[in-house]
Amino acid sequence: MNYKETLEYIHSIPKFNRVLGNALLEKLLNKMGNPQDNLKFIHIGGTNGKGSTCTMVSQILTEAGYKTGLFTSPFLKFFNERIKINGIPISNSDLADIASYVKNMTEKYDAFVSEFAFDTAVAFEYFNRQNCDFVILEVGLGGKLDATNIIKNPLVVGFTAIGLDHCQYLGNTIDEISKEKAGIIKKNSDVVLYPIQESKVFDNIRLICQEKNSNLIIPELPTLPETYKNSFEYKGTRYDLTLNGRFQTYNAVTAIEIINSLLNQGYAISSGCITNSLKHANIEGRFEFIAPNIIVDGAHNPQAINSFLKSLKNLNKKIHFLVAFMSDKDYESIINLISDYAISEKSKITATEINMPRCLDSGTIKNIFMKNNIVSDINSNPISAFNEVVKTLHKDELLCIIGSLFLAGEIKKYYEEKNS
């Protein structure tokens, strides 16, 4: 397959397999010689902040001189973003070559897996061929039954903020969801848990760590001085962040404790690598200013939206929201949160939609805002909607594109191509 054929094939694979669990992936990887068994993993789960935390850990290890693989999902602009080594996406030719190999193995041994499991197998093969020192592995969905949980003994298990999302698959309560996500905890592991969680999350993770004889590490809360932006103090050291949003400081201390676990295991990582890496680590589509007055953010569940809005309020700017939502998300709760903010801060709202079956139509979004006594504009074409808002944006206003990573990616890609 060439690169175009590779992407077409990957996206044609069913997202969910009829066979529950990882039996088919285990069969496939076994026939491939179990490339994952040659790799050292840092396995990171959670609901929000996984991508940011994975990126920070990857940046630190790369800065320390290690060849570091990074597997994340979903992608923002192009598929190759999901599989990186030292921050560089897999090349088109390597992706096509390895995907062709994995495809042939699935056909030869009748091991047809889901799309995400196929991608996971491709990533394992690539990282193994490239002799990576570490692989930062982001959980795709949940934990216990996720394809990434096929690995045996990660060096460290990390959890970011755990909240309600993908409830149709993981459960309708924080109790059910946290137990499902805790399924990646292995025996005798170091487990780092994001320091701000609901009490049930702490209880469940702590109990499972006890059952697995694993060491639970909960970072201290960082000090957040008012005098300098995007910075914090942790255990006597000041850290500066490129990433915007106060919630990133909590992702950062989680990353720091993951690195501390590796230090305690004997890996060489200097304090300078940590401070310098956090200062330069960047992930697209997370409270990202693509222009001085335009922010894109992929927040798409109530917990993430709430964190975004809290950080937004600190900017003391008038806001015009451009929003789109997937119909399988808790969009009513999200709209309620945005409505409360909009009423309080006198914000404007424009509803749009992405051209894909899962997307909620913009008319429905407008109607829900109307129930909250908010009159929103509507434009079903996201690029047209973006351009219209930009034309009318006042000097003291910010345009915030939120509600869907797909919307963030589409607008960001368009804006960059337009201004390149």
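Let's start with the second largest pocket, which is lined by 22 residues. Which of them lie nearest its centre? Those are Thr55, Leu70, Lys84, Asn282 and Ile283, so keep an eye on them when you rotate the view. One thing to say right away: this is a predicted model. The space in the second largest pocket comes to about 410 Å³. If you ask which element gives the most to its lining, the answer is helix H3, residues 50–63, with 5 residues. And what sort of residues make up the lining? By class, 7 are nonpolar, 10 are polar and 5 are charged.

Next, please find Gln197. Gln197 sits in the loop between strand E7 (190–193) and helix H8 (199–211). Is Gln197 buried or exposed? Its relative accessibility is 13%, and buried means under 20%, so Gln197 counts as buried. Now look at where its side chain goes. The side chain of Gln197 reaches the backbone oxygen of Thr160 at 3.0 Å. A polar atom of that side chain also lies 3.0 Å from the backbone nitrogen of Ile162. Setting aside neighbours within four places in sequence, the contacts of Gln197 are Thr160, Ala161, Ile162 and Phe202.

Let's move along into helix H8, where we find Ile208. With a relative accessibility of 16%, Ile208 counts as buried too. Not counting residues up to four places away in sequence, Ile208 touches Ala182 and Ile185. For a sense of scale, try selecting Ile208 and Asn314 together: they are 106 residues apart in sequence, and 37 Å separate their C-alpha atoms.

Now for Glu257, in helix H9, residues 247–264. Glu257 counts as buried because its relative accessibility is 6%. What does its side chain make a polar contact with? The partner is the side chain of Asn260, at 3.3 Å. Leaving out residues up to four places away in sequence, Glu257 touches Val192, Ile217, Pro219, Tyr234 and Lys235.

A word on cysteines. How many disulfides does the structure hold? The count is 0. Take Cys54, which is in no disulfide: the nearest cysteine sulfur belongs to Cys132 and is 14 Å away. A disulfide needs the two sulfur atoms within 2.5 Å. Cys54 is buried, with a relative accessible area of 0%. Cys400 is in no disulfide either, and the nearest cysteine sulfur, that of Cys359, is 19 Å away. Cys400 is also buried, with a relative accessible area of 0%.

Let's finish with the backbone. The peptide bond from Ser73 to Pro74 is cis, with omega near -10 degrees. You will find Pro74 in the loop between strand E2 (68–71) and strand E3 (83–85).

Then there are two residues with positive phi that are not glycines. One is Asp110, with phi near 50 degrees, in the loop between helix H4 (92–108) and helix H5 (115–129). The other is Asn316, with a phi of about 55 degrees, in the loop between helix H11 (302–313) and strand E13 (318–323). Are they buried or exposed? Asp110 counts as exposed at 51% relative accessibility, and Asn316 counts as exposed at 70%. The cut-off for exposed is over 50%.

That's my tour, and I'm happy to go back to any of these spots on the screen.

Methods. Residues are numbered from 1 along each chain as its sequence is written. This is a predicted model: local features need pLDDT of at least 70, side-chain atom pairs count only at pLDDT 80 or more; totals for chains, interfaces and linings use all residues. Side-chain values use heavy atoms; hydrogens and water are left out. On a 1 Å grid over the protein atoms alone, a cavity is a set of points where a 1.4 Å probe fits but cannot get out, and a pocket is an open set with protein on both sides within 12 Å along at least five of seven lines; lining residues have an atom within 4 Å of a point. Grid points are joined across faces, edges and corners, and a volume is the space filled by probe spheres set on the points. Helices (H or I, at least four residues) and strands (E, at least two) are DSSP runs, numbered from the N terminus. Ala, Val, Leu, Ile, Met, Phe, Trp, Tyr, Cys and Pro count as nonpolar, Asp, Glu, Lys and Arg as charged, and the others, Gly among them, as polar. Buried means under 20% relative accessible area, exposed over 50%, partly exposed in between (1.4 Å probe, protein chains only). A polar contact is a pair of N or O atoms within 3.5 Å; within protein, one must be able to donate a hydrogen and the other to accept it, and residues adjacent in sequence count only if both atoms are side-chain atoms. Contact means heavy atoms within 4.5 Å.
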